[in-house]
Amino acid sequence: MGWNIVQGAEIGAWVADRIAGEFYSETSSAIGLQKDGVTVAGVIYENWNKRTVFCHIAVEGRLTKAYLKAIFDYPFNVLNVEKIIVPVVKSNGKSIKLVQNMGFAEEARIKDGSPEGDIIFMTLARDKCRFLGVRYG
């Protein structure tokens, strides 16, 4: 079976379960990565306003180059946004490290914005995204 990139509500539900949120709805989009039929990663896109989109990420396995290309191609080339926004709770160091490794940087924070502490808004602009280049094509 191998690796497959999939879309749909089941991926949105999978991500929402892992981020303890209710972020997936009929106006959201989701892209997942499956290995031998088992979901190992997923991304929900929501609140697209033609300039930015919010993104929620859950990962429980290895990511492939094709998947990284897909999850950045969708917001930047399909939705044609200029910036992706990822809200992360300050106490979630693993997620902060993941998105920093993807190229996201802190742009703003809401002090005590969640029961777990500050909400940090990590962003990535189109011109800073390395996943749109030839290496990931």
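**View 1. Asp-36 and its salt bridge with Lys-35 in the predicted model.** In this predicted model, Asp-36 is partly exposed, with a relative accessible area of 42%, and its side chain meets that of Lys-35 in a salt bridge with an N to O distance of 3.9 Å. Lys-35 is likewise partly exposed, at a relative accessible area of 32%, and this residue stands opposite Val-38 in strand E3. The pair is one of six salt bridges that the structure holds.

**View 2. The surroundings of Gln-34 in strand E2.** Gln-34 belongs to strand E2, which spans residues 29-35, and has a relative accessible area of 16%; because this value is under 20%, the residue counts as buried. Its side chain is joined to that of Thr-39 by a polar contact of 3.0 Å. Leaving aside residues up to four places away in sequence, Gln-34 touches Gly-2, Trp-3, Asn-4, Val-6, Ile-11, Thr-39 and Val-40, and of these Ile-11 is listed among the buried residues of helix H1 (residues 9-18).

**View 3. The open sheet and the helices that lie across it.** Seven strands form an open sheet with mixed pairing, in the order E1-E2-E3-E4-E5-E7-E6. Strand E1 (3-7) and strand E6 (105-114) stand at the edges with a single partner strand each, so that one side of each has no neighbour in the sheet. From one strand to the next, the twist averages 25°. Within the sheet, E2 and strand E3 (residues 38-46) run antiparallel and are joined by seven bridges. Helix H2 (residues 65-78) lies across E1, E2, E3, E4, E5 and E7, running at about 15° to E3, whereas helix H3 (residues 93-101) lies across E4, E5 and E7 and runs at about 160° to E5.

**View 4. Helix H1 and the elements that cover its buried residues.** The buried residues of H1 (residues 9-18) are Ile-11, Gly-12, Trp-14, Val-15 and Ala-16, and their cover includes strands E1, E2, E3 and E4. Just after the helix, Ala-20 takes a positive phi of about 50°.

**View 5. The salt-bridge network around Arg-109.** Arg-109, partly exposed with a relative accessible area of 37%, forms a salt bridge with Glu-106 in which the closest N and O atoms are 2.9 Å apart. Glu-106 is also partly exposed, at a relative accessible area of 44%. A further salt bridge links Arg-109 to Asp-118, with the closest N and O atoms 3.1 Å apart, and Asp-118 is buried, with a relative accessible area of 9%. Through shared partners, these salt bridges join Glu-106, Arg-109 and Asp-118 into one network.

How values were computed
Residues are numbered from 1 along each chain as its sequence is written. This is a predicted model: local features need pLDDT of at least 70, side-chain atom pairs count only at pLDDT 80 or more; totals for chains, interfaces and linings use all residues. Side-chain values use heavy atoms; hydrogens and water are left out. Helices (H or I, at least four residues) and strands (E, at least two) are DSSP runs, numbered from the N terminus. Buried means under 20% relative accessible area, exposed over 50%, partly exposed in between (1.4 Å probe, protein chains only). A polar contact is a pair of N or O atoms within 3.5 Å; within protein, one must be able to donate a hydrogen and the other to accept it, and residues adjacent in sequence count only if both atoms are side-chain atoms. Contact means heavy atoms within 4.5 Å. Two strands pair if DSSP finds at least two bridges between them. Axes are lines fitted to C-alpha atoms, for helices over the stretch in contact, and angles run from 0 to 180 degrees between N-to-C directions. A salt bridge is a side-chain nitrogen of Lys or Arg within 4 Å of a carboxyl oxygen of Asp or Glu.
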